[in-house]
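Work through these exercises with the model open. Each task is followed by its solution.

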Amino acid sequence: MENIITVEHVTKRFGQATVLNDINVSFEKGKIHGLIGRNGSGKTVLFKCICGLLNIDSGKIQADRTQLGVIIEEPGFLRQYSGKRNLQLLAGLSDKLHMNITEVMTLVGLKDAMNKKVGKYSMGMRQRLGIAQAIMEYQQILILDEPMNGLDNQGVKEMRELLMQLKEKGITILLASHNREDIEVLCDQVYEMDAGKLKVRAQ
């Protein structure tokens, strides 16, 4: 068993409010880890701390941030350009492109919308494009906050299949979802966040 992310005694406060309260958790490599909890329970804040988007007040986080592919809020793209062009521009900012852009857009179900302007994409299509961006550099860890948002039933089914394919390639996935069915179907390990505390849910 190899842990790819370790969080030790992490506390995060905003003013007087303690949003993460002495969090201790390790995420095993090559598995899908699910986080459940109500809005405001701290799931997104924990993800942002792991990614380095927020500083912690105390504790320690060990994670190779060069290997992180992240969707935490609705992905921001240039609406006047096509999905394919957006990915080409992002790829130009990095020398880490490992996957052909047409291939990755096909993988996430956007083959027929590659040349369509992102401004005409549905919210679900933008979610798919965000996942395409996260995986086109073949990152080894994906952190996905509500990746099923805006997807219809068919889209949810396809996204679940995609995440299982990525797991089979050895990618570690941290997934927050309000949909318990997503969590039950996909996750090897489930954690529940409540009032800034994290506990492992018995399988």
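**Exercise 1. Find what surrounds Asp145.**

Asp145 is buried (under 20% relative accessible area, 1.4 Å probe, protein chains only). Asp145 nevertheless has no salt bridge, meaning a side-chain nitrogen of Lys or Arg within 4 Å of a carboxyl oxygen of Asp or Glu. The nearest side chain of opposite charge, Lys43, is 5.9 Å away; Lys and Arg count as positive, Asp and Glu as negative, while His and the chain ends are not counted.

Next, look for a polar partner. The side chains of Asp145 and Thr44 make a polar contact at 2.6 Å (N or O atoms within 3.5 Å, one able to donate a hydrogen and the other to accept it).

Then list the contacts (heavy atoms within 4.5 Å). Beyond four places in sequence, Asp145 touches Thr44, Phe47, Ile71, Ile72 and Ala176.

The model is predicted: local features need pLDDT of at least 70, side-chain atom pairs 80 or more, and totals for chains, interfaces and linings use all residues. Residues are numbered from 1 along each chain as its sequence is written, and side-chain values use heavy atoms, without hydrogens and water.

**Exercise 2. Place Asp145 in the sheet.**

Asp145 is found in strand 6 (strands are DSSP E runs of at least two residues, numbered from the N terminus). Strand 6 (141-145) pairs with strand 7 (172-176) in the parallel sense, over five bridges; pairing needs at least two DSSP bridges. Leu142 has Ile173 in strand 7 as its bridge partner.

**Exercise 3. Order the strands and find the edges.**

The open sheet has six strands in the order 5-6-7-3-8-9, with mixed pairing. Strand 5 (68-71) and strand 9 (197-201) each have a single partner strand, so one side of each lacks a neighbour in the sheet.

Terms used. Helix = DSSP H or I, 4+ residues; strand = E, 2+ residues; numbered from the N terminus. Buried < 20%, exposed > 50% of the residue type's maximum accessible area, 1.4 Å probe, protein only.
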